[in-house]
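User: I'd like to learn how to read a few features off a model like this one. Can you walk me through it?

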Amino acid sequence: MNTNKKTRALVEGALMVAAAEALGYVKIWHMPEGGSVSLMMLPIVLYALRWGLSRGLLAGLALGVIDFMLGGGIAIGWQSILGDYVIACTLIGLAGVGHGKKTAGMLGGAALGCLGRFLAVWVTGATLWGEYMYDIYGLPMNNEWVYSFLYNLPTLVSGVLTVICCALLKNTMKKLPGAD
């Protein structure tokens, strides 16, 4: 890869991380102790689809660190920082497996990245946040895994919205110069 292409990838990555953090502040719906429905994942998914898995994972990692520091991160220890922010956002970059694929592969990659983030916050919620569970959506809770699944449903909704946006933007992405 030539220097010009590397520079383009780096600059696009930084812009997409910044756009993702900005979109994280535009919440469609917000949970009381953190978590929301937003389009924060979209820029990282688009970047990963455009530039591939390794660059997508790196952009997700950068987003996780920045989101915790600037986004008003809520944590109960280093484990929740890693699980809810660093690992969860890094896994958004799994969308890069759809890089260079036809429409179905691209949308599958986008879905994989969004599902990866959901799985990370679900496991973190069940293992670390479960002791703080309360009744949610009017349902009494006594199982940490069910509680975490229900509490983190907004992440899945965000993922569905992200995949829909990718489907709508797929033709535009093909016209962009620079990546493969």
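Analyst: Sure. Keep in mind that this is a predicted model. Let's start with the surface: Tyr 25, Val 26, Leu 58, Leu 61, Val 65, Met 69 and Leu 70 make up a nonpolar patch there, and together they have about 710 Å² of accessible area.

User: Take Val 65: where is it, and how do I read its exposure?

Analyst: Val 65 sits in helix H3, which covers residues 53-70. Buried means under 20% relative accessible area and exposed means over 50%, with partly exposed in between. Val 65 has 37%, so it counts as partly exposed.

User: Is Ser 38 buried or exposed?

Analyst: The same cut-off for buried, under 20%, applies. Ser 38 has a relative accessibility of 6%, so it is buried. You'll find Ser 38 in the loop between strand E2 (36-37) and helix H2 (41-51).

User: What is Ser 38 in contact with?

Analyst: Skip the neighbours within four places in sequence, and Ser 38 contacts Leu 23, Gly 24, Val 26, Lys 27 and Ser 158. A polar atom of the Ser 38 side chain also lies 3.3 Å from the backbone nitrogen of Met 40.

User: And how many residues does helix H1 have, and what do its buried residues pack against?

Analyst: H1 (residues 3-24) has 22 residues, and its first and last C-alpha atoms are 31 Å apart, close to the expected 32 Å. Its buried residues, among them Ala 9, Glu 12 and Val 17, pack against H2 and H3. Look at the start of H1 too: a side-chain oxygen of Asn 2 comes within 3.3 Å of the backbone nitrogen of Asn 4.

Conventions:
Residues are numbered from 1 along each chain as its sequence is written. This is a predicted model: local features need pLDDT of at least 70, side-chain atom pairs count only at pLDDT 80 or more; totals for chains, interfaces and linings use all residues. Side-chain values use heavy atoms; hydrogens and water are left out. Helices (H or I, at least four residues) and strands (E, at least two) are DSSP runs, numbered from the N terminus. Buried means under 20% relative accessible area, exposed over 50%, partly exposed in between (1.4 Å probe, protein chains only). Contact means heavy atoms within 4.5 Å. A polar contact is a pair of N or O atoms within 3.5 Å; within protein, one must be able to donate a hydrogen and the other to accept it, and residues adjacent in sequence count only if both atoms are side-chain atoms. Patches are made of residues with over 30% relative accessible area and no salt bridge: like charges are joined within 9 Å, nonpolar side chains (Val, Leu, Ile, Met, Phe, Trp, Tyr) within 5 Å. Accessible areas come from the Shrake-Rupley method with a 1.4 Å probe; for residues, only the protein chains shown count as cover. A salt bridge is a side-chain nitrogen of Lys or Arg within 4 Å of a carboxyl oxygen of Asp or Glu. The expected span of a helix is 1.5 Å times one less than its number of residues.
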